[in-house]
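User: I should like to examine how the descriptive terms applied to this model are justified. Please set each value against its definition.

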Amino acid sequence: MKYYESHEECYKKVKKSNTSSWDEFQKKADAFENFYMKEFLITALDRIKPEFNSRILDIGCGTGPAACFFAQQGYLVDGIDVSRTAIEMAQTNAKERGLNIHFSVDDICMISETGSGIYDMVSDTHCMHCITHDTDRKAALSSIFRLLKKGGYFVMETMSIEDTSRWSHNGRMDELGILWNEVKEDDPYDKVFFEDKFWMCTRRVMSPSAMQKELEQTGFLIEYLGTTQDIDIEYMADFQAICRKPPV
Ligand SMILES: C[S@@+](CC[C@H](N)C(=O)[O-])C[C@H]1O[C@@H](n2cnc3c(N)ncnc32)[C@H](O)[C@@H]1O
């Protein structure tokens with residue numbers, strides 16, 4: 001099984017803990033509505049000003065805090081996540097708020113939607129740092145680009161680090177910014193064996209300049225780049241980008 005499918009185990013814990021979202025479980029938010037990335041999404045919508053009824057896709061939507069926020073602003077929202085438990089929780093969260101959102105279990109690295117030019121905006125609400133390998137990241141970014149209408153926007157916020165050697169939180173981070181965590185031999189997800197232990201990649205934390213290059217190589221026009229201090233780790237920042245598929 002792909003390394004990022006391990007999120008399913010995390011969401012089983014989120015559900016068991018009776019919290020409504022990843023952020024609430026991680027104690028980064030005190031309520032579903034107050035999700036970590038909300039401030040940046042408000043800024044992004046204010047800048048982009050999507051028309052009422054614009055179509056938005058939230059990738060890695062988790063239990064749906066950003067998707068519900070978009071729907072409450074009057075947009076037509078789809079949310080995808082690789083975790084079935086997350087999607088079931090998202091459906092419940094939307095229903096409880098009287099919101100009509102189409103949530104589905106899907107993988108942005110091999111998404112089932114084959115069409116193009118569907119969305120006015122795609123948001124990455126902390127999903128891309130779960131996609132560690134260059135081939136998977138390329139596939140995910142190309143799908144996002146394809147799914148956007150001409151002139152459509154990609155809004156992302158994701159973990160970043162300027163100097164990977166400073167990482168001291170958990171696991172081991174290599175020079176590419178791939179974070180490796182020790183796992184058991186019978187762990188069902190992709191793993192590698194070195195130094196007598198099994199390891200699974202869990203995060204890709206790149207420098208802002210490397211991420212800018214990745215976006216430009218995909219074909220995006222960059223409209224805004226910024227970073228914001230991580231609330232837990234002093235040497236970490238979140239990379240924020242608003243970029244656009246060329247209008248012609
Ligand atoms: C840090 S969580 C953020 C969840 C949600 N956006 C939120 O703000 O609560 C990252 C999410 O990305 C999802 N994810 C990871 N890899 C994915 C993939 N390849 N395709 C779709 N979702 C993925 C995870 O299951 C997880 O829900």
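User: What follows α5, and what is the sign of its phi?

Analyst: G98 follows α5, and the phi of G98 is positive, near 70°. The model is a predicted one, in which local features need pLDDT of at least 70, side-chain atom pairs count only at pLDDT 80 or more, and totals for chains, interfaces and linings use all residues. Residues are numbered from 1 along each chain as its sequence is written.

User: What makes residues 84-96 a helix, and how does the span of α5 compare with the expected one?

Analyst: Helices are DSSP runs of H or I with at least four residues, and strands are runs of E with at least two, numbered from the N terminus. Helix α5 has 13 residues. The expected span is 1.5 Å times one less than the number of residues, and α5 reaches 18 Å from its first C-alpha to its last, close to the expected 18 Å.

User: Which residues of α5 are called buried, and what do they pack against?

Analyst: A residue is buried if 20 or more other C-beta atoms, placed from the backbone, lie within 10 Å of its own; 12 or fewer make it exposed, and values in between partly exposed. In α5, T85, A86, I87, M89, A90, N93 and A94 are buried. The buried residues of α5 pack against α1 (7-16), α4, β2 and β3 (102-105), where a contact requires C-beta atoms, placed from the backbone, within 7 Å. Across the protein, buried residues make up 43% of the 248 residues.

User: How do you know that the radius of gyration agrees with a compact globule?

Analyst: The radius is taken over C-alpha atoms, and the globule rule is 2.2 Å times the number of residues to the power 0.38. For 248 residues a compact globule would have a value near 18 Å; the protein has 17 Å, which therefore agrees.

User: Why do β6 and β8 count as edge strands?

Analyst: Two strands pair if DSSP finds at least two bridges between them. The open sheet has 4 strands in the order β6-β7-β9-β8, with antiparallel pairing. β6 (172-173) and β8 (192-194) each have a single partner strand, so one side of each lacks a neighbour in the sheet. β8 and β9 (residues 197-204) pair over 3 bridges, and F198 in β9 is the bridge partner of F193.

User: What makes a residue part of the shell around the ligand, and which come nearest?

Analyst: The C-beta atom of the residue, placed from the backbone, must lie within 6 Å of the ligand. Of the 25 residues around the ligand, Y4, H7, G60, G62 and T125 come nearest. The elements giving two or more residues to this shell are α2 (22-25), α4 (65-72) and β2 (76-81).

Conventions
Contact = placed C-beta atoms within 7 Å.
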